[in-house]
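I opened a fresh page today to look at how some helices sit in a protein and what lies on its surface. My notes follow the order in which I looked things up.

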Amino acid sequence: MRILVIEDNVVLCENICSRLKKENYDVDFCLDGQKGLDFALNNPYDLILLDRMLPLLDGTELLKIVREKGLATPIIMVTALSTIHDKVTGLDAGADDYMIKPFAME
């Protein structure tokens, strides 16, 4: 399974990627939304873990763009934004699920 992690917090990104690799997933990562968009549109992934507040291109906008372009890859938003309105906005933009930081890796 190939996973793309789009997360601007370097330490968190490294931790997520390290854990996924230990579980034998093939992992790519990006630290900003623009690069994440390029990776998502030009490489096949089985799952994308997407932060919402990213530099260069916001995660919600990235999500809308990839969905408009027909990308059906499952996308889980991973974000500190935790209100019901935040969750609805993310899901309405095309996320398949919404996970709130901090979270346990288990």
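These entries go through a surface patch, two helices and a pair of distances.

**Entry 1: the model.** I am working with a predicted model, and I keep that in mind throughout.

**Entry 2: a nonpolar patch.** Which residues form a nonpolar patch on the surface? I found V10, F29 and L31, which together have about 240 Å² of accessible area. I then checked V10 by itself and got a relative accessible area of 41%. That value makes V10 partly exposed, because it falls between the 20% limit for buried and the 50% limit for exposed. V10 and L31 are 21 residues apart in sequence, and I get 7.2 Å between their C-alpha atoms.

**Entry 3: helix α1.** V10 led me to α1, since its place is in this helix, residues 10–22. I checked the span next: for 13 residues at 1.5 Å a residue I expected 18 Å, and the end C-alpha atoms of α1 are 18 Å apart, which agrees. Which residues of α1 are buried? I noted C13, I16, C17 and L20. Seen down the axis of α1, these buried residues fall within an arc of 95°, so they line one face of the helix. On the face turned away from that buried side I noted the exposed residues V11, E14 and K22. I also looked up what covers the buried residues of α1, and the cover includes β1 (2–6), β2 (26–30) and β3 (47–50).

**Entry 4: helix α2.** I asked the same of α2, residues 33–42: which of its residues are buried? My list reads G33, G36, L37 and A40. They cover an arc of only 100° around the axis, so they sit on the same side of α2. Their cover includes β1, β2 and β3, along with α3 (59–68). I note that β1, β2 and β3 turn up in the cover of α1 and in that of α2.

**Entry 5: D92.** Last, I turned to D92, which I found in helix α4, residues 84–92. Is D92 buried or exposed? It is exposed, because its relative accessible area of 65% is over the 50% limit. I also took its distance to F29, one of the patch residues. D92 and F29 are 63 residues apart along the chain, and their C-alpha atoms are separated by 24 Å.

Notes. Residues numbered from 1 in each chain as written. Predicted model: local features only at pLDDT ≥ 70, side-chain atom pairs only at ≥ 80, totals over all residues. Heavy atoms only, no water. Patch = residues over 30% accessible without salt bridge, like charges linked within 9 Å, V, L, I, M, F, W, Y side chains within 5 Å. Areas by Shrake-Rupley, 256 points an atom, 1.4 Å probe, with all protein chains shown as cover. Salt bridge = Lys/Arg side-chain N within 4 Å of Asp/Glu carboxyl O. Helix = DSSP H or I, 4+ residues; strand = E, 2+ residues; numbered from the N terminus. Buried < 20%, exposed > 50% of the residue type's maximum accessible area, 1.4 Å probe, protein only. Expected span 1.5 Å × (residues − 1). Arc of directions from axis to C-beta. Contact = heavy atoms within 4.5 Å.
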